[in-house]
Amino acid sequence: MTPTTTADATRATVQKFLELRLAGDIEGLTALFADKVDWVLAENPGVPWIRPRSSAAECAAQAAELMEYTVPEDARASVDTFLVDGTDAVLMGHLAGTVRATGKSFEGPFALRLTVEGGRITRHHLYENSLSIAEACAP
C-alpha cells in the first residue's frame, strides 16, 4: 500500500522502525534515522546503553547495545497505543528485561514520541521507568 497522507507515511515509517528494531537490523535502522536526530532519553550514568545520541549511526547502535547488555531472550515489549498525527507518532506500552551483568530484571511503562520527515526519523524521545533500569544495573 502506498501512503496517501502524511499520517500514512509516518505510520508506515514507524512500523518499519519497529520491524527493524525487532530484527536487530542496525544497518536498516541507520538508514531509517535522519543524519541528525533530536534524541531524548534521560541520561543514566549507571546504564551503559542509555546515553546522549544524535547521529543516525549512534541512534541505531542503541539497539545493538541494548542486546549486548541485556538478555535478549528475556526482553519483552508490548505496544498498547499507537497514535499518529501528521509527522508525529506516539507509542505507549510496557517493557521488561534482564541485565546480563547482574541477572536483575527491570520493567515498566514507556512512551515513545517519534517524528518522521521525508521518510526518516528526526525525533526519538523515549520516556521509561529509568529507576527500575538503573536498579537492575546496580551490583
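A pocket here is an open set of grid points with protein on both sides within 12 Å along at least five of seven lines. The views below come from a predicted model.

**View A. The largest pocket and the residues around its centre.** Welcome to the largest pocket, which holds about 840 Å³ of space. Its lining is made up of 30 residues, and those closest to the centre are Arg21, Leu66, Arg76, Ala77 and Leu95.

**View B. Helices and strands around the largest pocket.** Two or more lining residues come from each of helix 1 (6–23), helix 3 (56–69), strand 2 (76–85), strand 3 (88–98), strand 4 (105–117) and strand 5 (120–128). Take a moment to find strand 3, which gives the most to the lining, with five residues. By residue class, the lining divides into 20 nonpolar, six polar and four charged residues.

**View C. The salt bridge between Asp35 and Arg120.** Six salt bridges turn up in the structure as a whole, and this view shows the one in which the side chains of Asp35 and Arg120 meet, at 3.3 Å from N to O. The pair links distant parts of the chain, with Asp35 in strand 1 (residues 33–41) and Arg120 in strand 5, 85 residues apart. Asp35 has 61% relative accessibility and so counts as exposed. Arg120, with a relative accessible area of 26%, is partly exposed.

**View D. The salt bridge between Asp38 and Arg123.** Here is another pairing of strands 1 and 5: Asp38 lies in strand 1 and Arg123 in strand 5, 85 residues apart. The closest N and O atoms of this salt bridge are 3.6 Å apart. Asp38 counts as partly exposed because its relative accessibility is 35%.

**View E. The salt bridge between Arg53 and Glu65.** In this view the closest N and O atoms of Arg53 and Glu65 are 2.6 Å apart, and the two residues form a salt bridge. Arg53 sits in the loop between strand 1 and helix 3, while Glu65 belongs to helix 3, 12 residues apart along the chain. Are these two partners buried or exposed? Buried means under 20% relative accessible area, so Arg53, at 5%, counts as buried. Glu65, at 14%, is buried too.

**View F. A network of shared salt-bridge partners.** Our last stop returns to Asp38 and Arg123, which are joined with Asp88 and Arg113 into one network by salt bridges that share partners. As a friendly reminder, side chains of opposite charge can pair when their charged atoms come close.

Conventions:
Residues numbered from 1 in each chain as written. Predicted model: local features only at pLDDT ≥ 70, side-chain atom pairs only at ≥ 80, totals over all residues. Heavy atoms only, no water. 1 Å grid on protein atoms, 1.4 Å probe; cavity = no way out; pocket = protein on both sides within 12 Å on 5 of 7 lines; lining within 4 Å. Points joined across faces, edges and corners; volume = space filled by probe spheres on them. Helix = DSSP H or I, 4+ residues; strand = E, 2+ residues; numbered from the N terminus. Nonpolar A, V, L, I, M, F, W, Y, C, P; charged D, E, K, R; others polar. Salt bridge = Lys/Arg side-chain N within 4 Å of Asp/Glu carboxyl O. Buried < 20%, exposed > 50% of the residue type's maximum accessible area, 1.4 Å probe, protein only.
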